[in-house]
Amino acid sequence: MPEHDVLIIGAGLAGQRAALAAAEAGATVAILSKVHPVRSHSVAAAGGINAAISLDDRWESHAYDTVKGSDFLGDQDAIEIMCREAPGEVMHLEHIGVTFHRNEKGELDLRAFGGASMKRTAYVADITGQAILHVLYEQLMKYHERVDRFEEWFTTSLIRDDDGRCVGCVARDIRTGDMQTFKAKATILAQGGAGQCFKPTTNALICTGDGIAQAYEIGAPLMDMEMIQYHPTTLVENGFLITEGARGEGAHLLNSEGERFMEKYAPNKMELASRDVVSRAEQTEINEGRGVGPDGSGIYLDITVVPRKRVLEALREIVNIGKDFAGVDITREPIMIRPGQHYIMGGVKTDVHGQVPGVPGLYAAGEVACVSVHGGNRLGANSLLDTLIFGRRSGEHAAERAKGMPIPKVSDAQLKADIARIDRIIARPRDGRRVSEIKDELGTTMNRYVAVFRDEAGLLQAHETVRRLKEQAKTAYIDDRGTVFNQDVLGAIELGYMLDVAEAIVVAALERKESRGAQFRTDFPERNDDEWLKHIDISRNGDDTPQVSYSPVTITQWQPEERKY
Amino acid sequence: MAEFTLRIRRWDPESGEAPYWDQHTIDLEPHRSVLEGILQAKARFDGSIGIRCSCRAAICGSCGVRINGQPGLACHTHLDHALKGAKDGVIEVEPMGNMPIIKDLIVDMDAVHWKKVQRVTPWLINKEPIPEREYIVPHHNMVDITQSMACIQCGACVSDCLSMEVDPEFIGPAALAKAYRFAGDPRDAQQFERVKDLAEDPHGIYDCTHCFKCIEACPKGVAPMNQIMRLRRIATGTHHIADRNNGERHESAFVSLVRDHGLLWEAELLPRSYGGDSFFGKFAPKAGMELLDSLPVIARGLLRRKVTPGKAIMPPRDVPKDAREEIKRIFEKVEGRDEVRELNLYISGYDEDAEGAETASASSAAPQGQTSAERGQPGMSPEESPTR
């Protein structure tokens, strides 16, 4: 039975940063991930990372932009911490080897990004997430004697002891089928988001809400789950992401009349308004018949206005994506995009140290968590920052907490239960539905009813569908009966995770009877600070239904005001 | 929609049976990817088909396979183009080469690829003192190493590296490209130690035979072979490392022969690599041993008519004098430059206006990162690539 001071589940940016911080603080560390760490979805983050590093910038300005971007739902104490610590974190990344682009003086270059009052996004071409992820993995290779890596291990359950503390997890070695209990003084969740609840999504196939569902399962509270970000520029073709960096470099959005329609919606910031605003503007244009493409469901993103040399140097990846996946040379013609599911602002509720209230020993960081620094809407290039700041803080705090604490005693009850559960899934008769069918129906339902515009009738329909699919998932069958790389059985478990997360999203969206950030209710089109300037928390009832409660928004120095871009 | 038939190589290590081919017909638009085809087969017919995949957009590097015998990413290969490369109208998908198979299309990258990456000390060794803010370094240096940073560790280049087939200990294209990312990084304190290590290692930078397979295989335009050549240029040009593999002298012999004769003179290559600059005058003892060692290879080359005695032993005669002069002038021009800046994936050579661009890239003697970046569709020639 592996034993460590700090166990980290998930090896994207948040997980790897937590592992390095915990190891540096002297803890014994295990990092466990269902894919090889460099396959983590952080790799797809393109545009950059925000930090007030310019000499004429101030962290308070970054914080205010973030608060405003969140539509005042973000907790300002956490936002202050994130923005204050951002410059130091970016410099740390630079020192360990991230190849940030430079200006002509050799200093870090900064690009413009949505919702920001000045240029403050450091970047590596348009592979910033990949560059940072690979550099963190270099550091894990450097400290291979201090951090135990469990690559391609799939977590099946978190474990709580009789006192309610989280004392580790059960996981399966995907390569061999071997199941183990991992004992730890502290467990940090870092498994990322849940985009696969939607179809299409920019998110990778691995983003199935594992951490959110596992925490929910053992009674941890979820927060802001209704806040789902639709990214303004995803390929009409297949939902792939076109980085906001394109608009940061000056690209325009055009409707079927060739008009830069953002003038109507955000006359000051235009294409660089916050993502919820731009996505809503695009969807409005499409709904009102000014979309482009054969069925009018797209918008043109015109990158040809950016100099070709600059595009090839700084937006290389989307040149490739345009060519390979849409057959368009973005340096010569506009490309068709539309809003697409991209990010979940909500997640496992934590404090500013990453601790999950009510579950001692459990931490969460990154997209899986909700601190909440993003509130109703995340600014572009704040997600990498969130993962690193709160990954590091969680790692440090967990290591500190572990000092002087004995390794917890853990029985093998959960291990036995999980082995039996997997055996039962494998043995299911072939008279239910296929796992893949249920997943498909979930994704299309969520994308239809829980998207840019929502209303009560649609959300009720979504809720009913999710409840039905949950029932069907209990008997859904798979084909693979083996133990080596049985991806099929893991898919069945992931489906359960996705359904739990989807239900929490729908229930929270039904609950919030106002429009704020990414939640736009056509039946309640105004923001209503009197009643809804509060977080919606969701936790699991004994009978497997979501229980709703509220928590206050922390306001330090910025009172809610009308939000205009 | 159109129907495509996939023939997938299957192997279940638990079955005790031999690998076999498994065929499925799927229904997708022709520009959809082979990965989507496989995922459809998994969803509809057989969930037990093993393939690693995640992002679907050629970023995560999970789905490296061989399609119609060519390495690449399944998500980055369109069905219609894969069909063009198919022998009998069926798209063939196999696991990558040079790595042990775990199950079906899943290979053990830890046993080969990651072990080799770990070999090249894959982390920055900081120049001291570490500044309070960022290191002040030239923009073009950071853009330059961003090309090797663009590697997604998919293993496609490792799969078909011919040198690695012959010498499994060869550090290989991906790990050496990673090594360049540090050797070329102005913030790294140990450029000399790094390249010396890789030059002295018998499985290091001089183990590459310039076959270009890795450049063709790479779906991201990293051009690993170019990075290996850059490591060599740092080893020779910057640090003049006379390695025990004789790589440095071999390279300078090669270059001087082309400079002098306009073409390679094979018989002169060995003596010049190991001794002085004349076949008969300054024959070095080391060359004698190497010559003896090489006799079987030379004999086979003669038998297969890869070399003819006349051409090999006599200096090249069919290069006209003015062409030789032209070649010399090229050498003088390139070597006379104060600073050599290479084109790569990100440094396009394009000026702000398109016209200047074509001239800029055409006149450059640099490696062709640009064009290789646009390849990467297995099973077909670059001309047919949808990226063209």
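Mentor: Let's start with what counts here: a helix is a DSSP run of H or I with at least four residues, and a strand is a run of E with at least two. Keep in mind that this is a predicted model.

Trainee: So how many helices and strands does the secondary structure of chain A come to?

Mentor: Chain A comes to 16 helices and 19 strands. The two-residue minimum for strands is what lets β3 (49-50) and β4 (110-111) of chain A in.

Trainee: What makes β3 and β4 of chain A edge strands?

Mentor: Each of them pairs on one side only. The open sheet runs in the order β3-β5-β4 in chain A, with antiparallel pairing. Pairing needs at least two bridges, and β3(A) has 2 bridges to strand β5 (residues 121-122), so that pair qualifies. Within it, I49(A) stands opposite A122(A).

Trainee: Why is strand β14 of chain A called largely enclosed?

Mentor: A residue is buried once 20 or more other C-beta atoms lie within 10 Å of its own. In β14(A), residues 335-344, 9 of the 10 residues are buried, so the rest of the structure largely encloses the strand.

Trainee: And which strands do bridges join to β14(A)?

Mentor: Strand β11 (residues 228-235) of chain A is one, running antiparallel with 6 bridges, and there Y230(A) has Q341(A) as its bridge partner. Strand β13 (residues 299-302) of chain A is antiparallel to β14(A) too, over 3 bridges, with I299(A) opposite I337(A).

Trainee: How do you know that the radius of gyration of chain A agrees with a compact globule?

Mentor: For 565 residues the globule rule gives a value near 24 Å, and chain A has 22 Å, which agrees. The C-alpha trace spans about 65 × 55 × 50 Å along its principal axes, and buried residues make up 65% of the chain.

Trainee: What share of the contacts in chain A join residues at least 24 apart?

Mentor: It's 74%, counting contacts between residues at least 6 apart in sequence.

Trainee: Which residues touch the most other members of the largest nonpolar core?

Mentor: V6(A) and I8(A), out of 279 residues in that core. Its largest share, 17 residues, comes from helix α15 (residues 487-511) of chain A. Leaving out residues up to four places away in sequence, V6(A) touches A22(A), V29(A), I188(A) and A402(A), among others.

Trainee: Where do the domains of chain A fall?

Mentor: Domain 1 takes 3-227 + 343-402, domain 2 takes 233-339 and domain 3 takes 413-531.

Trainee: How do you know that domain 1 and domain 2 of chain A are in contact?

Mentor: Contact asks for C-beta atoms within 7 Å, and 21 residues of domain 1 meet 23 residues of domain 2 that way. On the domain 1 side there are 9 nonpolar, 10 polar and 2 charged residues. The C-alpha centres of the two domains lie 28 Å apart.

Trainee: How many residues of chain A are in contact with chain B?

Mentor: Chain A puts in 55 residues, against 53 of chain B. The largest share of chain A's side, 7 residues, comes from α4(A). By class, that side has 24 nonpolar, 14 polar and 17 charged residues.

Trainee: Last one: which residues of helix α3 in chain B are buried?

Mentor: In α3(B), residues 110-119, they are V112(B), H113(B), W114(B), K116(B), V117(B) and R119(B). They pack against α5 (156-159) and α7 (173-183) of chain B. After the helix comes T121(B), with a positive phi near 50°.

How values were computed: Residues numbered from 1 in each chain as written. Chains lettered and ligands numbered in written order. Predicted model: local features only at pLDDT ≥ 70, side-chain atom pairs only at ≥ 80, totals over all residues. Buried ≥ 20, exposed ≤ 12 C-beta atoms within 10 Å, placed from the backbone. Contact = placed C-beta atoms within 7 Å. Core = buried A, V, L, I, M, F, W, Y, C linked by C-beta atoms within 7 Å. Nonpolar A, V, L, I, M, F, W, Y, C, P; charged D, E, K, R; others polar. Domains from an automatic or database assignment. Rg over C-alpha atoms; globule rule 2.2 N^0.38 Å.
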